[in-house]
Amino acid sequence: IGAMCDFAPLIRRPSVMLFAAAAQFGIFATAIGATLVGFSFPHAASIGIIGAADGPTTIYVASRYAVELLGPLSVAAYSYMSLVPVIQPPVIKAITTESERKIRMGFQGEEPVSQTTKFLFPLMIVIIAGIVAPISVALIGALMFGNLLKESGVTENLSSCAENELANLVTLLLGITVGGTMSAERFLTFDVALIMALGAVAFVFDTVGGVLFAKLLNLFSSTKINPMIGACGISAFPMSGRVIAKMALKEDPTNFIIQHAIGVNVAGQVASVVAGGLVLALIPALAK
């Protein structure tokens with residue numbers, strides 16, 4: 001996945017990480033809710049990570065702390081990722097006004113990011129993530145290794161393979177192995193239905209968290225932010241960014257916020273993996 005990512009928008013405006021961090025609220029809110037309805041803490045945290053809108057992160061966390069729920073969690077994560085165009089628009093409209101959705105965020109001229117900066121970025125992210133949550137290094141490291149192949153400029157064949165053939169092969173094997181655990185007696189249960197419902201809650205709270213954070217910033221900033229871009233902080237890239245940009249155009253055909261929406265969406269890719277790493281680090285500590 002890292003070989004498919006371009007982190008230049010995040011490097012130009014690191015401040016968009018704030019929106020991405022706020023959009024991870026659904027992970028922790030859902031984890032708390034899952035414990036209240038009877039799931040163990042490791043299972044509840046694994047359910048909450050569905051809100052990261054990142055299938056590999058969900059699978060990685062589940063494989064460590066909720067192996068028996070790997071199938072339902074994977075299905076829920078990928079299902080809701082594909083339902084972003086259905087879930088996000090009504091939630092955003094419910095918590096924003098028409099005037100807020102019409103806030104203009106004009107095009108900003110951007111200087112190109114140097115190749116050296118792009119090359120050093122994945123290395124620095126791995127180091128920082130390793131300091132904050134060492135257990136997350138395997139997760140964030142795999143993402144950034146793919147990006148390093150792309151940005152190094154000297155491994156074009158490896159980068160192309162990771163982006164295409166390897167990605168397709170891993171997806172195929174992933175479907176076979178996860179699907180093999182989904183027997184009817186284990187999948188068609190009340191707990192699985194509850195997991196699917198909680199997954200939807202996680203996505204809703206992610207959207208709400210990002211939008212409300214943008215609205216909060218507008219209370220203290222003279223330069224207004226279209227609060228819809230806060231919803232792009234999830235990892236569903238570039239789907240969420242496109243959905244929000246289309247919503248802005250529907251409200252005002254001359255309001256183009258795609259640049260800002262995609263910038264937040266790129267940051268959401270990193271934030272979701274970091275959030276997964278934090279969950280991995282917190283589960284052993286809080287489960288004691």
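Student: Why is arginine 101 called buried?

Tutor: In this predicted model, arginine 101 has a relative accessible area of 10%, and since buried means under 20%, arginine 101 counts as buried.

Student: What makes the contact between glutamate 251 and arginine 101 a salt bridge?

Tutor: The closest N and O atoms of glutamate 251 and arginine 101 are 2.9 Å apart, and because a salt bridge needs a side-chain nitrogen of Lys or Arg within 4 Å of a carboxyl oxygen of Asp or Glu, the pair meets the rule. Glutamate 251 lies in helix H15 (residues 239–251) and arginine 101 in helix H8, so this salt bridge ties together parts that are 150 residues apart in sequence.

Student: Which side chain meets glutamate 100 in a salt bridge, and what does that pair tie together?

Tutor: The partner is lysine 215, with an N to O distance of 3.5 Å, which is also within the 4 Å limit. Because glutamate 100 belongs to helix H8 (residues 98–101) and lysine 215 to helix H14 (residues 190–220), the pair links parts that are 115 residues apart in sequence.

Student: Are glutamate 100 and lysine 215 buried or partly exposed?

Tutor: Glutamate 100, at 17% relative accessibility, counts as buried, because the cut-off for that word is under 20%. Lysine 215 has 22% and therefore counts as partly exposed, the term for values between that cut-off and the one for exposed, which is over 50%.

Student: Why does leucine 123 count as partly exposed?

Tutor: Its relative accessibility is 36%, and because partly exposed covers what lies between under 20% and over 50%, leucine 123 receives that label. Leucine 123 lies in helix H9 and is one of the residues that make a nonpolar surface patch of about 1,000 Å². Patch residues must have over 30% relative accessible area, and the 36% of leucine 123 satisfies that condition. H9 gives the most to this patch, with 8 residues.

Student: How are the residues lining the largest pocket divided by class?

Tutor: The lining divides into 28 nonpolar, 8 polar and 1 charged, and this pocket has a volume of about 1,100 Å³. Of its 37 lining residues, Ile1, Gly2, Met4, Asp54 and Pro56 lie nearest the centre.

Student: What makes the space lined by Glu68, Arg186 and others a cavity?

Tutor: The word cavity is used because a 1.4 Å probe fits there but cannot get out, whereas a pocket is an open set. This largest cavity has a volume of about 60 Å³, and its lining has 4 nonpolar, 3 polar and 2 charged residues.

Definitions and conventions
Residues numbered from 1 in each chain as written. Predicted model: local features only at pLDDT ≥ 70, side-chain atom pairs only at ≥ 80, totals over all residues. Heavy atoms only, no water. Patch = residues over 30% accessible without salt bridge, like charges linked within 9 Å, V, L, I, M, F, W, Y side chains within 5 Å. Areas by Shrake-Rupley, 256 points an atom, 1.4 Å probe, with all protein chains shown as cover. Helix = DSSP H or I, 4+ residues; strand = E, 2+ residues; numbered from the N terminus. Buried < 20%, exposed > 50% of the residue type's maximum accessible area, 1.4 Å probe, protein only. 1 Å grid on protein atoms, 1.4 Å probe; cavity = no way out; pocket = protein on both sides within 12 Å on 5 of 7 lines; lining within 4 Å. Points joined across faces, edges and corners; volume = space filled by probe spheres on them. Nonpolar A, V, L, I, M, F, W, Y, C, P; charged D, E, K, R; others polar.
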